[in-house]
Amino acid sequence: MKLYHGDILFSPKLGVLTALPQGYVAVEEDGAVRGTYPTLPPELRDHPVEELGHSLLIPAFSDLHLHAAQLPSAGLGYDGTGDEWFTQCTYPAEQRYSADPQYAAQVNQDLVEALWENGITRSVIMGATGPQPVKDLMERLGRKGLGAYVGKMNSDHGAFGEAQEGTEESVAQTLDLISWAGERKGRVGYILSPEFIPAASEELLDFLGNKAREENLPVQSHMCEGDFDLEMVRDRFPVEKLYGFVWDKYGLFGQTPTVMAHCAYATEQEFELMARRGVYIAYCPNAIQHIPGDRFLPVRKVLELGVPVGLGSDIGGGHSLNMFQNMASAIQASKTLTREGALSAADAFYLATKGGGGFFGKVGSFEPGYQFDALVLEDERLRSYREYTLAERLQRLIYCGDSRNIARRFCGGQEI
């Protein structure tokens, strides 16, 4: 067992901060947290203590939604319409990533380093249609010591022009990846990844739903991102009409662990079904502000309905892997809806840690039994004019912090 001594801050539930100035976290040999203590208990005094001074020790971040192939296009294409962003920016980036192994390897290496640099120890990543870059990315994440779910994008129906792949090809490559990933051990697993309903044929959706149940595989995709995709879903599925009901028809909506990105245009019926099924929402505040439209996800409302929510960067629909910035953006976006129900700094911190970490199990908190995924933060460069509480130090970092404030990173009890 090992103990860490410093200024400890974590969020056991939405809107609640547990602050332990000069407290202790005890970590078992298997990487699980034994407990947190305001003072060192007598029974633990024989165990080694690592002194962190007045650095902040917080749970590490989780990113519930990003696209590996789109890292090079982050920050581009936001001036146009939604379909222009797909056809002129997104699909060309994904096609090159799938077709050029050397290019994909460089993108993957840059992404892994960026995740590590930004303190994102757990992530849910969608690749492009090419299978080899997915294997390469999973191997690189594993070597770095990070945890993730990674999936090949399934996209055999032309939502915007030609389909990205054939159905038989998509099925065969997915089966190969499932088999390959199943032989590997570690923190990186495979996740079924249909691009979104307009880009997947009924045959492919049926295959993915059956495979999810047979292998108990997690699922990721997009849902209710804007008017453009809602219309396509209604046209193709006039009986179900709603996104969530189509996903549910094919067994891809909480029958196994599921995360859906965006959901800004979802109905209360869909949110209620998500709550019953435990379907996570990857709330991507940067991305949703780049999409032409008039809606933001009512985060407070969906949380009150019981829908689990975490933050997503949505690289490259979003422009930054800086999770401090994503937290600030989530707060600011919520204030455009209502001041009364706006997210607080504590709420956003919860979403970035335990909220999203729950998709990976007991991750994102320092409660007993949780994996010790942690960051050591140094905020000396943010000039101090008085003594700040731990909550105030966190709030300043949310609005003013970046990777330069992250001094050390832990995943599953191991420093990485």
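Glu240 is buried in this predicted model, with a relative accessibility of 18%. The cut-off for burial is 20%, so Glu240 falls under it. The side chain of Glu240 meets that of Lys249 in a salt bridge, with 3.3 Å from N to O. Lys249 is partly exposed, at 47% relative accessibility. The pair therefore joins a buried residue to a partly exposed one.

Glu240 also appears among the contacts of Val246. Val246 lies in helix H7, which covers residues 243-249. Its relative accessible area is 0%, so Val246 is buried. Beyond residues up to four places away in sequence, Val246 touches Ile197, Val233, Phe237 and Glu240. Val233 is 13 residues from Val246 along the chain. The C-alpha atoms of these two valines are separated by 8.4 Å.

Salt bridges occur elsewhere in the chain as well. The count comes to 22. One of them pairs Lys354 with Glu367, at 2.8 Å from N to O. Lys354 lies in helix H12 (residues 345-357), while Glu367 lies in the loop between H12 and strand E15 (374-377). The two parts are 13 residues apart in sequence, so this salt bridge ties them together. Lys354 is buried, with a relative accessible area of 15%.

A further salt bridge links the side chains of Asp379 and Arg393, at 2.9 Å from N to O. Asp379 belongs to the loop between E15 and helix H13 (390-400), and Arg393 belongs to H13 itself. The pair therefore ties together parts that are 14 residues apart in sequence. Asp379 is buried, at 12% relative accessibility. Arg393 is buried too, with a relative accessible area of 12%. Salt bridges can also form a network, as they do among Lys2, Glu50, Arg408 and Glu415.

Arg393 leads on to the packing of its helix. The buried residues of H13 are Leu390, Arg393, Leu394, Leu397 and Ile398. Viewed down the axis of H13, they fall within an arc of 140°, so they line one face of the helix. The general geometry of helices helps here. An α-helix has 3.6 residues a turn, so residues three or four places apart point the same way. The cover over the buried residues of H13 includes strands E1 (2-10), E2 (18-27) and E4 (49-59). It also includes helix H11 (323-337), H12 and E15.

Helix H11 holds Ser329. This serine is buried, with a relative accessible area of 4%. Neighbours within four places in sequence aside, Ser329 is in contact with Pro285, Asn286 and Gln289.

Helix H5 (residues 202-215) offers another buried position, Ala212. Its relative accessibility is 0%, so Ala212 counts as buried. Leaving out residues up to four places away, Ala212 touches Leu192, Leu217, Val219, Leu252 and Thr256. Val134 is 78 residues from Ala212 along the chain, and their C-alpha atoms are separated by 18 Å.

Nonpolar packing was then examined. In soluble globular proteins, nonpolar side chains tend to be buried together. The largest nonpolar core of this model has 108 residues. Leu141, Met223 and Met274 have the most contacts inside it. Met274 touches Met223, Phe253, Met260 and Cys263, and also Val279, Tyr280, Ile281 and Val307, not counting residues up to four places away in sequence. Apart from this core lies another, of 14 residues. Among its members are Ile8, Val27, Phe372 and Val376.

The overall fold can be described by a few totals. The chain has 13 helices and 17 strands. Of its 416 residues, 61% are buried. Contacts were also sorted by their separation in sequence. Residues 24 or more positions apart account for 75% of the contacts with a separation of 6 or more.

The dimensions of the chain complete the picture. Its C-alpha trace spans about 65 × 50 × 35 Å along the principal axes. The radius of gyration is 21 Å. A compact globule of 416 residues would have a value near 22 Å, so the two agree. The accessible surface comes to about 16200 Å². Carbon and sulfur atoms make up 46% of that surface.

Conventions: Residues numbered from 1 in each chain as written. Predicted model: local features only at pLDDT ≥ 70, side-chain atom pairs only at ≥ 80, totals over all residues. Heavy atoms only, no water. Salt bridge = Lys/Arg side-chain N within 4 Å of Asp/Glu carboxyl O. Buried < 20%, exposed > 50% of the residue type's maximum accessible area, 1.4 Å probe, protein only. Helix = DSSP H or I, 4+ residues; strand = E, 2+ residues; numbered from the N terminus. Arc of directions from axis to C-beta. Contact = heavy atoms within 4.5 Å. Core = buried A, V, L, I, M, F, W, Y, C linked by side-chain atoms within 4.5 Å. Rg over C-alpha atoms; globule rule 2.2 N^0.38 Å. Areas by Shrake-Rupley, 256 points an atom, 1.4 Å probe, with all protein chains shown as cover.
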